[in-house]
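Q: Please take a close look at one part of this structure, beginning with a single residue and working towards a helix and its surroundings. A connected explanation suitable for a first-year student would be welcome.

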Amino acid sequence: MPITSFSLFRNRVPAITTSLLRHFSPNRHLVILSAKQSPSNPRQNVSKKPQPNKNLLKAKHTFKDYSSLAPVLAPNETPSLSESQAIGTVAAAQANFMRVIVQAEQKPQGGENSSSPEEEDSSNKIGVELLCVVRAVLKKIKRRVLVGDKVVVGSIDWVDRRGVIENAFQRRSVILDPPVANVNHLLVLFSMEQPTIEPFMLTRFLVEAESSGIPLKLALNKTELVDEETLIAWKSRLRSWGYEPLFCNVETKNGLNSIAFYLRDQTTVIVGPSGVGKSSLINVLRSNHRASDALEGDNWFVPILGSKWFEDQRVGEVSTRSGRGKHTTRHVSLLPLSGGGYVADTPGFNQPTLMKVTKQSLAQAFPEIRKMLKDSEPAKCSFNDCLHLGEPGCIVKGDWERYSYYFQLLDEIRVREEFQLRTFGTKREGDVRYVN
């Protein structure tokens, strides 16, 4: 019992001491505070990371919200413009500069019958090419301006033809490889020889084009370098893939009328490897603009005939060592066509990234698989997430030519997705926020 009473007395010492100090200490509030800040557990003395103030977090969040400074404009919206503002289309992008073609501007105030020199100058500004930079706030809110974007240009110097892109209209469509906005047609261009057409590379380009959801057309150039039997064999082969190809020859202009018909009144992006004749095809399609201007009399090409926007594209030769094309086109540029519409000349690349294609969406990029699934309706695969690799109850069989290409691309995409999951699937330490 002595040991027990001593233990109880020892545990009550802090309480007794505290009650005595409350009566006899002149600064009893200070003493009580000091008693509370001296815990019996030494582990509670470990210093904690100071937590930021809630007002600072709120201010930080408000500072990052720049979207109200540059609201997205609807495609058909007509914003009010000042005398130093205009609406145009981004025709080319190189480094930090954009070439914008003016399409509309602020009309001067006055009566309908008034024709002042200011109005005449205003009409001459349509089609003017401006060298612009992008407004800093658009970069901060990560609103990227692409070739083909309809934009609002401000702070225009009409003498030096410079300005600042202040805002961009909402896009109707966009492709990332190459980066072009407001596209409604794709033309996949390959050559029969120099460089030789490769089925797997052609499949990669077709899958990339199919993944965008934009209508596409396949054209094969340099038909004069192969015989008629080769052309017939490739035509039958591509039909089994689900495509109706167009054969053309830029040198003899054979088959170009069919291509011009598909490009009419559309914004088309021509994609394909280097050396297949993309720039040469564009130069031929745009070579008859002066004749069309003479026939129509009133054509919107007249204000820009002397600008760089209407110059012929540079053309390169095929490398004799590798048999592949040399990179002549360095950046994306949007060019007008005489029959109406635009065409985008893009740098050639031999390896599309397929970054927008996933394991589940890859099958829809193959017309053969789409046809087999449609023909078997109302029957479906047993599993909703079927990858068509021979799973039980799968409708898609492996008796078609490009099945090996499909399996190879699926394996490549699977490896990429697993790598992305390991790299970006967990939160980084810098992303953790301390909130009270």
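**A helix and its surroundings**

A: At 43% relative accessibility, Arg161 counts as partly exposed, where buried means under 20% relative accessible area, exposed over 50% and partly exposed in between, for a 1.4 Å probe and protein chains only. The model is predicted, with residues numbered from 1 along each chain as its sequence is written, and local features need pLDDT of at least 70, side-chain atom pairs count only at pLDDT 80 or more, and totals for chains, interfaces and linings use all residues. Side-chain values rest on heavy atoms, with hydrogens and water left out.

Arg161 is located in the loop between strand E4 (150-157) and strand E5 (162-168); helices (H or I, at least four residues) and strands (E, at least two) are DSSP runs, numbered from the N terminus. Although Arg161 is not a glycine, its phi is positive, at about 60°. Leu354, also a residue other than glycine, has a positive phi near 60°. Leu354 belongs to the loop between E13 and H11 and, at 0% relative accessibility, counts as buried.

The main subject is helix H8, residues 256-263, in which Leu256, Ile259 and Leu263 are buried. Seen down the axis of H8, these buried residues fall within an arc of 60°, so they line one face of the helix; the arc is that of the directions from the helix axis to the C-beta atoms. A general rule helps here: an α-helix has 3.6 residues a turn, so residues three or four places apart point the same way. Asn257 and Phe261, on the other side of H8, are exposed. Just after H8, Asp265 takes a positive phi of about 55°.

What do the buried residues of H8 pack against? Their partners are the strands E8 (185-191), E9 (216-221), E10 (246-247) and E11 (266-271), together with helix H9 (278-285); contact means heavy atoms within 4.5 Å.

The pairing with H9 can be described further. In general, two packed helices are described by the angle between their axes and the distance between the axes. H8 and H9 pack at an angle of about 85°, with their axes 11 Å apart; axes are lines fitted to C-alpha atoms, for helices over the stretch in contact, and angles run from 0 to 180 degrees between N-to-C directions. H8 and H9 are therefore roughly perpendicular to each other, since angles under 35 degrees count as roughly parallel, over 145 as roughly antiparallel, 65 to 115 as roughly perpendicular and the rest as oblique. On the H8 side, Leu256, Ile259, Ala260 and Leu263 make the contact, and on the H9 side Leu281, Val284 and Leu285 do. The residues of this contact divide into seven nonpolar, no polar and no charged; Ala, Val, Leu, Ile, Met, Phe, Trp, Tyr, Cys and Pro count as nonpolar, Asp, Glu, Lys and Arg as charged, and the others, Gly among them, as polar.

One of the strands beside H8, E10, is preceded by a loop from helix H7 (228-241) that holds Tyr243. Tyr243 counts as buried because its relative accessibility is 8%. Leaving aside neighbours within four places in sequence, Tyr243 is in contact with residues including Leu216, Leu218 and Arg402. The C-alpha atoms of Tyr243 and Lys217 are separated by 8.0 Å, with the two residues 26 apart along the chain.

Another of these strands, E8, is joined to helix H6 (199-211) by a loop in which Pro195 lies. The peptide bond from Gln194 to Pro195 is cis, with omega near 0°.
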